[in-house]
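Q: Could you give me a close look at how the strands pair up in this model? Once that's clear, carry on outward to whatever packs around them.

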Amino acid sequence: MIDNKKIIDQLEKSLTTFTYKSTTQNVGIVEKNTDGVVVVSGLSKAFMGEEVRFEEGSSGVILNLDEDTVSIILFGRGENITEGSTVKTTGKILSINVSEKLIGRIISPMGDPLDGKQKIKDGKQMPFERIAPGVVEREPVNTPLKTGVKLIDALIPIGRGQRELIIGDRGLGKTAIAIDAIINQLPQKGSKLPPVICIYVPIGQKQSTVAQVADKLREAGSMDYTIIVSATASEPAALQYLAPYAGTAIAEYFMEKGKDVLIVYDDLSKHAWAYRQISLVLRRPAGREAYPGDIFYLHSRLLERAVKLNKENGGGSITALPIVETQASDMSAYIPTNIISITDGQIYLESNLFNAGIRPAVNVGNSVSRVGGAAQTSSIKSIAGKMRLELAQYRELAVFAQFGSELDQATLGQLERGKRTTEILKQSQYNPLPESYQFLSIWAVTNGHLDDIPVESCRKFEKEFHEFIKRKYNIILDALSSGEKPKEEIIKKIEKAIAEFKKMFSP
Ligand SMILES: Nc1ncnc2c1ncn2[C@@H]1O[C@H](COP(=O)(O)OP(=O)(O)OP(=O)(O)O)[C@@H](O)[C@H]1O
Ligand SMILES: [Mg+2]
């Protein structure tokens, strides 16, 4: 017997497919739903990066256009999307709703609130993918972005509009540096620099880690100018893949208004994993280390959007601090080499420094900032050069001195100075230092004022010296906060102050 109902069903299905194709052509039929990727037929007018809606309410974005089908990655889990369900295109490139109200919020890459507050409905639609501003719209980096970390501001200075990579193994303090940089954007008294809006984008991290960071930022008062765009490890790979684009779209909204923005991608290794996962499900051919071939292009397109616009275009900027995790310090792996070549320099953290108690565990020799020097304040510049040289000499001598050979007085002096400089460059977490204090510390050590202080007491010396100046010589702090190279009379005052302080300092 012929199953009438089945035939009628089939007829109906093909008829609907036919009507969709011939008239509206933007409704498709799901063919397959595997691991967050849905293959759909009938969407002949769809375009790459277009947002689509499923009949059961969830949405996704088109990532593959094949001859008869398109592949869509889902933002949610999509358990209810089955073979035969319908999909509609929206005619809209994937974008996020942005307004000033986002400041202080924690959201998902789709703009959904993750902090229990209301969703922001009004605002401007900013596209996830956009061509970066061209050369004529840009100007060279010329304004510093101070991280408050002495070692970075002095030796690896970052400028607004720069891309500086933070790279190192697990647990060496990569996030710590980025968070300190955000905390340091708290508007400071007397600073002439325009304020900075910060965007922190955790990708594939533990939910608890993100919550901790948010708490710390709130405690420091930094959520008043920060937005967190979070896709934790428990979210679908599609959301983790989209998170940096959502963050960048938000950053571009503020940059267009002439604001300076700092964006932290924490981290792009996990972003690459998420993209690898998606690409394998999309059956794109895998290349080196099983990453899809276009991962380099993907990251370069993303980081190219960090720019400093010129005056005619509003003068805004996006400074990007991408983070990359290495395995066993292997900087020559695929993703690290890619991103090193895309960025304007890297801050390299090392486990043997971390284990030796040096925090931040930055290897100064392997770290570099290729453009930020142009933006360094002249006050720090006037003392940083000497310190860089002394540190480089110290590193060479320290290796040599291990052989226990006889050393002359001058060499011994250099070694002792190096030890103290290393000590002064240590800095605790959540404790960014304003420019004036940084100057005092570096000036004191490079001018030999700590040579007669025991190495173990250097940090105590620094702390108490800062307190002393704050108590008694506020005028020095005021003079140093402008960022200009201090005049001779100020230096005289600091010399007098340090002599006075040393008389009462007990190591
Ligand atoms: N300057 C510092 N002073 C003291 N402790 C620090 C400092 N920087 C980082 N730490 C500590 O080192 C540990 C690792 O820091 P953090 O989480 O920032 O590293 P990470 O490289 O981001 O780690 P992961 O690879 O897990 O993301 C934390 O316990 C942190 O408190
Ligand atoms: Mg981290």
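A: Let's settle one term first: two strands count as paired if DSSP finds at least two bridges between them. Also keep in mind that this is a predicted model.

With that in hand, start at β2 and β5. Strand β2 covers residues 37-41, strand β5 covers residues 69-74, and they pair in the antiparallel sense over 5 bridges. If you want one pair to click on, take valine 40, whose bridge partner in β5 is valine 70. Now zoom out a step. β2 and β5 sit side by side in a closed barrel of 6 strands that runs β1-β2-β5-β4-β3-β6, with antiparallel pairing. Ignoring direction, neighbouring strands in this barrel are turned against each other by 45 degrees on average.

The other sheet is open and has 8 strands, in the order β8-β12-β11-β13-β14-β10-β15-β16, and its pairing is mixed. Its edges are β8 (106-107) and β16 (368-369), each of which pairs on one side only. For a look inside it, go to β10 (residues 165-168) and β14 (residues 317-325): these two run parallel and are joined by 3 bridges. Glycine 168 is a handy marker, since its bridge partner in β14 is glutamate 325. Over these strands lies helix α8 (residues 334-342), which packs on the sheet and touches β10, β14 and β15 (345-348). The direction of α8 makes about 160 degrees with that of β14.

α8 has a helical partner too. Helix α7 (residues 295-303) crosses α8 at roughly 35 degrees, and the two axes come within 10 Å. That crossing is right-handed. On the α7 side the contact is made by Ile295, Phe296, His299, Ser300 and Leu303, and on the α8 side by Asn338, Ile339 and Ile342. By class that's 5 nonpolar and 3 polar residues, with no charged ones.

While you're in this part of the chain, a few backbone oddities deserve a click. As a rule, most residues other than glycine have a negative phi, and most peptide bonds are trans. Alanine 290 goes the other way, with a positive phi of about 65 degrees although it is not a glycine. You'll find alanine 290 in the loop between α6 and α7. The peptide bond from aspartate 266 to aspartate 267 is cis, with omega near 0 degrees. Aspartate 267 sits in the loop between β13 (260-266) and α6 (268-281). The bond from arginine 359 to proline 360 is cis as well, with omega near -10 degrees. Proline 360 belongs to the loop between α9 (351-355) and β16.

Next, the domain picture. The domain assignment splits the protein chain into domain 1 (4-92), domain 2 (96-112 + 139-376) and domain 3 (380-504). The C-alpha centres of domain 2 and domain 3 lie 30 Å apart. Where those two meet, 25 residues of domain 2 are in contact with 23 residues of domain 3. On the domain 2 side, the elements giving two or more residues are α2 (150-155) and α3 (174-183). α2 has the largest share, 5 residues. That side of domain 2 is a mixture of 10 nonpolar, 8 polar and 7 charged residues.

Last stop is the helix packing around α12. Helix α10 (residues 378-401) and α12 cross at roughly 40 degrees, their axes coming within 10 Å, so they are oblique to each other. The crossing is left-handed. Among the residues making the contact are Ile380, Ile383 and Met387 of α10 and Phe439, Ile442 and Trp443 of α12. Over the whole contact there are 7 nonpolar, 3 polar and 3 charged residues.

α12 (residues 435-446) also packs on helix α13 (residues 458-472), at an angle of about 125 degrees and with the axes 10 Å apart. That angle makes α12 oblique to α13. Here α12 passes α13 in a right-handed crossing. Tyr437, Leu440, Ser441 and Ala444 of α12 meet Glu462, Phe465, His466 and Ile469 of α13. By class, this contact has 5 nonpolar, 2 polar and 1 charged residues.

Technical notes:
Residues are numbered from 1 along each chain as its sequence is written. Chains are lettered from A and ligands numbered from 1 in the order in which they are written. This is a predicted model: local features need pLDDT of at least 70, side-chain atom pairs count only at pLDDT 80 or more; totals for chains, interfaces and linings use all residues. Helices (H or I, at least four residues) and strands (E, at least two) are DSSP runs, numbered from the N terminus. Two residues are in contact if their C-beta atoms, placed from the backbone, lie within 7 Å. Axes are lines fitted to C-alpha atoms, for helices over the stretch in contact, and angles run from 0 to 180 degrees between N-to-C directions. Angles under 35 degrees count as roughly parallel, over 145 as roughly antiparallel, 65 to 115 as roughly perpendicular and the rest as oblique. A crossing is left-handed if the near helix is turned anticlockwise from the far one by less than a right angle, and right-handed if clockwise. Ala, Val, Leu, Ile, Met, Phe, Trp, Tyr, Cys and Pro count as nonpolar, Asp, Glu, Lys and Arg as charged, and the others, Gly among them, as polar. Domain bounds come from an automatic or database domain assignment.
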